[in-house]
Amino acid sequence: RLREEVGSILGTDQPRNITMVGVGNLGRALLAYKGFDRHGTRFAVAFDADARKIGSTVAGVPVEPLSDMERLVQEHAIELALIAVPAAAAQDVVDSLVAAGIKAILNFAPRALTAPEDVKLTNVDLAVEVEYLSYSLANG
């Protein structure tokens, strides 16, 4: 019962389709991570700009062109996206996701991004996280 209540509070009590934009090294690693399934989320589709990757499957997830984003986000009822794209492309990707109806974005691109107030955007800079841990080690 407690697990059900916690799941309800966290919003993990209902299955949720998510998407990945960018299927380079980090994107592929995140697509293969099994922890998402345990928390009620599954990657329905991934997107990439590289024609060599489009049409492939990564960890069982089809890779589609960015030009199909709006249609596929609607088809799969996707509300949450992870992005792992080069910094120069990241804001354009966020803008496209917002236009497609995405309401929550987890950004792994090495750049702080912005989104409208009604879109939840979390920026994760892995280099900053490593710096924080390094500082913590040095200053115990």
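Start with the largest nonpolar core of this predicted model, which has 21 residues. Select V21, M69, I83, L97, I102 and I105, because these are the residues with the most contacts inside this core. Then colour strand 2 (41-48), helix 4 (69-75), strand 5 (80-83) and helix 5 (87-100), each of which supplies at least two residues of the core. Helix 5 gives the largest share, with 5 residues.

Keep M69 selected and display what surrounds it: leaving aside residues up to four places away in sequence, M69 touches V21, F47, S96, L97 and A100. From there, move to a second core, which is separate and has 15 residues, including F43, V61, A84 and F108.

Now zoom out to the whole protein chain, and show it as a cartoon. You can follow 6 helices and 7 strands, which run from the N terminus in the order α-β-α-α-β-β-β-α-β-α-β-β-α. Of the 140 residues in the chain, 34% count as buried. If you switch to a surface view, the chain exposes about 8600 Å², and carbon and sulfur atoms supply 55% of that area. Among the contacts with a separation of 6 or more, residues 24 or more positions apart account for 50%.

Next, select N107, which is found in strand 6 (residues 104-107). Is N107 buried or exposed? Its relative accessible area is 0%, so N107 counts as buried, the cut-off being under 20%. Show the neighbours of N107 as sticks: not counting residues up to four places away in sequence, N107 touches I83, L113, L121, T122, N123 and V124. With one of these, N123, the side chain of N107 makes a polar contact of 2.7 Å with the partner's side chain. Another neighbour, V124, is 17 residues from N107 in sequence, while the two C-alpha atoms are 5.8 Å apart in space.

Go back to strand 2 and select T41, which is found there. T41 is buried as well, with a relative accessible area of 14%. Which backbone oxygen does the side chain of T41 reach? The side chain reaches the backbone oxygen of F36, at 2.9 Å. Beyond residues up to four places away in sequence, T41 touches R16, I18 and F36.

The next stop is an open space, the second largest pocket, which has a volume of about 160 Å³. Its lining is made by 14 residues, and to find the centre you can select G22, D48, A49, V85 and P86, which lie nearest to it. Strand 2 and helix 5 are the elements that give two or more residues to this lining.

Finish in the loops, with two residues whose backbone angles deserve a careful look. Most residues other than glycine have a negative phi. Select A59, in the loop between strand 3 (57-58) and strand 4 (61-65), where phi is near 55°, a positive value in a residue other than glycine. A59 counts as partly exposed, at 43% relative accessibility.

Then select A77, which lies in the loop between helix 4 and strand 5. A77 also has a positive phi, of about 50°, although A77 is not a glycine. Is A77 buried or exposed? At 55% relative accessibility A77 counts as exposed, because the cut-off for that class is over 50%.

How values were computed
Residues are numbered from 1 along each chain as its sequence is written. This is a predicted model: local features need pLDDT of at least 70, side-chain atom pairs count only at pLDDT 80 or more; totals for chains, interfaces and linings use all residues. Side-chain values use heavy atoms; hydrogens and water are left out. Helices (H or I, at least four residues) and strands (E, at least two) are DSSP runs, numbered from the N terminus. Buried means under 20% relative accessible area, exposed over 50%, partly exposed in between (1.4 Å probe, protein chains only). Contact means heavy atoms within 4.5 Å. Accessible areas come from the Shrake-Rupley method with a 1.4 Å probe; for residues, only the protein chains shown count as cover. A nonpolar core is a set of buried Ala, Val, Leu, Ile, Met, Phe, Trp, Tyr and Cys residues joined through side-chain atoms within 4.5 Å. A polar contact is a pair of N or O atoms within 3.5 Å; within protein, one must be able to donate a hydrogen and the other to accept it, and residues adjacent in sequence count only if both atoms are side-chain atoms. On a 1 Å grid over the protein atoms alone, a cavity is a set of points where a 1.4 Å probe fits but cannot get out, and a pocket is an open set with protein on both sides within 12 Å along at least five of seven lines; lining residues have an atom within 4 Å of a point. Grid points are joined across faces, edges and corners, and a volume is the space filled by probe spheres set on the points.
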